[in-house]
Amino acid sequence: MTSIKLQPLDHTLLPAALQLDHLCFGGLWTLDGYQRELESPNSDLLAIVPAPSTPDEEAVVITDITEERSEFLVNPKVNPKANLSTSRPRATSATPSAASDPLLGLGCYWAILDEAHITILGIHPDYQRRGLGHLMLCALLDRARQRDMARATLEVRISNQSALLLYQKFGFQIAGQRKGYYTDTGEDALILWRGKLQSTEFGTLLTTQWTEIHHRLTHHHWSLQLGLELLIAENSTLTYP
Ligand SMILES: CC(C)(COP(=O)(O)OP(=O)(O)OC[C@H]1O[C@@H](n2cnc3c(N)ncnc32)[C@H](O)[C@@H]1OP(=O)(O)O)[C@@H](O)C(=O)NCCC(=O)NCCS
């Protein structure tokens, strides 16, 4: 089990943020840009980082027990007898460490009046497809709800199917298209909107997504620590190290 932490980005992570920005977006923001975001009261800039293991997790490694049983020890809500007959894939790529990969994911939105403008969502290419993007988007939307935002919006490349599918999970809909918006390729941007962030229905959707994310992370041997407040975590029955 590998521990990861969701937290606000801080100054110590700025060099890593620039590197990840290059990897994910080809250099969208400069160091000054990231510094300005950190200082802006209207910006919420979140990071996913590798975290030190908890004593419980170390105990799991030492005892060398089955995968299902170890998950049960880390999270007693996982039934140790479940899925015993199915062999689930183990994590295949490198385990992140603060030294090699100090930053696994970045996400940011700007609070403009009652609108959350999602400006950045990027997961390190070596750690994609394990639920981290899903986690980051869910956290951004939860934080936007906490700030009484009514709507969320963003622009996405028309060819970016992965991102479009991810946004669809949270009910984003296409509201328009900006011709030639991206200067590097001349590609169009789709404008996505998600309304009713304060509705009960959206709260329920976030809860459902949060549970799915938690299961997905466990499946990929991630154990999540929280270094920020999320309504969804407070209202959830899931446990955190
Ligand atoms: C888009 C991005 C953030 C997704 O992060 P991720 O951690 O790989 O995504 P997750 O593993 O959490 O997947 C969540 C959902 O996104 C969609 N998705 C993500 N990657 C996908 C892919 N390669 N193909 C198809 N769907 C994909 C799926 O709906 C997936 O859910 P599923 O696994 O149940 O099918 C990541 O690919 C990335 O950083 N891309 C580069 C930067 C970027 O394009 N950012 C978005 C700008 S608007």
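**Helix α7 and the ligand shell**

Author: In this predicted model, the cover over the buried residues of α7 includes α5, β8 (222–226) and α8 (231–234).

Reader: Which residues of α7 are called buried, and what makes a residue count as buried?

Author: The buried residues of α7 are Leu 206, Trp 210, Ile 213, His 214 and Leu 217; a residue is called buried if 20 or more other C-beta atoms lie within 10 Å of its own.

Reader: How do you know on which side of α7 they lie?

Author: The buried residues cover an arc of only 100° around the axis, which puts them on the same side of α7. An α-helix has 3.6 residues a turn, so residues three or four places apart point the same way. On the other side of α7, Thr 200, Glu 201, Thr 204 and Thr 208 are exposed, the term used where 12 or fewer such atoms lie within 10 Å.

Reader: How do you know that the span of helix α7 agrees with its number of residues?

Author: At 1.5 Å a residue, the 20 residues of α7 (residues 200–219) should span 28 Å, and because the end C-alpha atoms are 29 Å apart, the two values agree. After α7 comes His 221, with a positive phi near 65°.

Reader: What makes up the shell around the ligand by class, and which element supplies the largest share?

Author: The shell has 9 nonpolar, 8 polar and 2 charged residues, and the largest share, 5 residues, comes from α6. Among the 19 residues that surround the ligand, the closest are Gln 128, Gly 133, His 134, Ser 162 and Leu 166.

Methods: Residues are numbered from 1 along each chain as its sequence is written. This is a predicted model: local features need pLDDT of at least 70, side-chain atom pairs count only at pLDDT 80 or more; totals for chains, interfaces and linings use all residues. A residue is near a molecule or strand if its C-beta atom, placed from the backbone, lies within 6 Å of it. Helices (H or I, at least four residues) and strands (E, at least two) are DSSP runs, numbered from the N terminus. Ala, Val, Leu, Ile, Met, Phe, Trp, Tyr, Cys and Pro count as nonpolar, Asp, Glu, Lys and Arg as charged, and the others, Gly among them, as polar. The expected span of a helix is 1.5 Å times one less than its number of residues. The arc is that of the directions from the helix axis to the C-beta atoms. Two residues are in contact if their C-beta atoms, placed from the backbone, lie within 7 Å.
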